[in-house]
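Trainee: I have a structure open and would like a close look at a single part of it. Could you walk me through that part slowly, and then show me how the rest fits around it?

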Amino acid sequence: MAKILEVKNLRTTFFTHLGEVQAVRGISFDLEEGDILGIVGESGSGKSVTSLSIMGLVDEPGRIVEGEVLFEGLDLTKLDQKEMSNYRGNEISMIFQDPMTSINPAFTVGNQLREVIMTHTGMNKEQAHQRALELLTMVGIPEPETRIKNHPYQFSGGMRQRALISMAIACNPKLLIADEPTTALDVTIQAQILELMRDLKTKINTSIILITHDLGVISEICNKVIVMYGGMIMEKADIISLFDNPQHPYTRGLMLSVPRNVTGKKARLIPIEGSPPDLMAPPSGCPFSPRCQHAMEICLKKAAPLFKISDTQEASCWLHHPDAPEVKGFVKVAGEK
């Protein structure tokens, strides 16, 4: 499979009057055509800033200070806003977290959908109207001829999210980034939205990056996962390896803090003690080390490289070093990447 996206040593910082917030700190990953990549982590881990950096939507006082974002070999960080607008919405689209703040309440859904289509495709108003009806039908909105005349407040939460998805896929983008697309939805609607995204991947042949804090959502739709914490990548893996044998203490902590009452028996949640790091003064070592029960002296001083556990799994943890103490379940490797 060809790589559609390559992120290399990306660093995004917000220069505030209180100091520099290092939101994303040197992350690298690839996305192959047809893949659904999940980026997971708790609030403040750098997930959303990563997506905004890819889209070229980081506003002042934030900016990308280092790294490359290669889309089909073209470095998007080198484009100005006018050049980037030719890609944004056309080749790369984004589904934002809250549809109520992403759709203009003053205009009908049809008006906004037609504008997207006409801006990027050159269709006239009548052609764009027909395309808008097709899109609303594709995302499962009933009675599209009537609903296209409605304002966003006349839609339910699930329907607003579907309308937002229809705008994102209007130009059949090659890359679709979904930032917490199911957070505000109930479980039934959440399942419908995930099923819709899975269907759209096949219908419009797009690659997807799904950003969430919910491991349950990740397990439903993704085939590869990146675990982020403190603006850095803690683990990369295929979905089976991650859930069967997580290889970073933070990933294991996330797993244990998820409700596990699937057998009808009561089970106590095991929270991750402590607080996320202050990204104005991030630790020099592993960002998770102050909360990690396995932390060693080197963890406090130097962040670990991504150790290759297998062909499908890497973890940034010193427990994988051949000289590290034995810890049950952690795989030692001969060298580092």
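Trainee: The part I am curious about is the largest nonpolar core. How many residues does the largest nonpolar core have, and which of them have the most contacts inside it?

Mentor: Happy to help! Keep in mind that this is a predicted model. The largest nonpolar core has 56 residues. Inside this core, the residues with the most contacts are Leu-113, Ile-165, Ile-169, Val-227 and Tyr-250. Helix α7, which covers residues 157–168, supplies the largest share of the core, with six residues.

Let's pick out Leu-113 and look at its surroundings. Leaving aside residues up to four places away in sequence, Leu-113 touches Ala-132, Leu-135, Leu-136, Ser-166, Met-167 and Ala-170. Alongside this core there is a second, separate one of 29 residues, and Val-7, Ala-23, Ile-177 and Ile-226 are among its members.

Now for helix α7 itself. Of its 12 residues, 11 are buried, so the helix is mostly covered; here buried means under 20% relative accessible area. The buried residues of α7 are Gly-158, Met-159, Arg-160, Gln-161, Arg-162, Ala-163, Leu-164, Ile-165, Ser-166, Met-167 and Ala-168. You have already met some of these names: Ile-165 is one of the residues with the most contacts in the largest core, while Ser-166 and Met-167 are among those that Leu-113 touches. There is also a neat check on the length of the helix. At 1.5 Å a residue, the 12 residues of α7 should span 16 Å, and the C-alpha atoms at its ends are 17 Å apart, which agrees.

From here we can step back to the whole protein. Its secondary structure comes to 12 helices and 12 strands. Among its 337 residues, 49% count as buried. Taken along the principal axes, the C-alpha atoms fill a box of roughly 70 × 50 × 40 Å. For 337 residues, a compact globule would have a radius of gyration near 20 Å, and the 21 Å of this protein agrees with that. If you take the contacts with a separation of 6 or more, 63% of them are between residues 24 or more positions apart.

Next, find the strands. Four of them form an open sheet in the order β2-β1-β4-β5, with antiparallel pairing. β2 and β5 stand at the edges and have a single partner strand each, so one side of each is left without a neighbour in the sheet. Between β1 and β2, the antiparallel pairing runs over 11 bridges. As one example of residues facing each other, Phe-15 stands opposite Glu-20 in β2. You can find another antiparallel pair later in the chain, where β11 (residues 307–310) and β12 (residues 313–315) are joined over three bridges. These two strands form a hairpin with two residues between them, and Ser-310 has Gln-313 in β12 as its bridge partner.

Charged side chains come next. The structure holds 13 salt bridges, and one of them joins Lys-3 to Asp-30, with the closest N and O atoms 3.0 Å apart. Lys-3 lies in β1 (residues 3–16) and Asp-30 in β2 (residues 19–32), so the pair ties together parts that are 27 residues apart in sequence. Both ends of this bridge count as partly exposed: Lys-3 at 41% relative accessibility, and Asp-30 at 36%.

Another salt bridge brings us back towards our helix. Here the side chains of Lys-174 and Glu-72 meet at 3.2 Å, N to O. Lys-174 is in the loop between α7 and β7, whereas Glu-72 is in the loop between β4 and β5, so this pair ties together parts that are 102 residues apart in sequence. Lys-174 is partly exposed, with a relative accessible area of 34%, and Glu-72 counts as partly exposed at 42%.

For a salt bridge within one helix, try Glu-297 and Lys-301, whose side chains meet at 2.8 Å, N to O. These two residues are four apart in helix α12 (residues 297–301), which means they are separated by about one helical turn. Glu-297 and Lys-301 are both exposed. Finally, salt bridges with shared partners join Glu-32, Asp-35 and Lys-224 into one network.

Methods. Residues are numbered from 1 along each chain as its sequence is written. This is a predicted model: local features need pLDDT of at least 70, side-chain atom pairs count only at pLDDT 80 or more; totals for chains, interfaces and linings use all residues. Side-chain values use heavy atoms; hydrogens and water are left out. A nonpolar core is a set of buried Ala, Val, Leu, Ile, Met, Phe, Trp, Tyr and Cys residues joined through side-chain atoms within 4.5 Å. Buried means under 20% relative accessible area, exposed over 50%, partly exposed in between (1.4 Å probe, protein chains only). Contact means heavy atoms within 4.5 Å. Two strands pair if DSSP finds at least two bridges between them. The expected span of a helix is 1.5 Å times one less than its number of residues. A salt bridge is a side-chain nitrogen of Lys or Arg within 4 Å of a carboxyl oxygen of Asp or Glu. The radius of gyration is taken over C-alpha atoms; the globule rule is 2.2 Å times the number of residues to the power 0.38.
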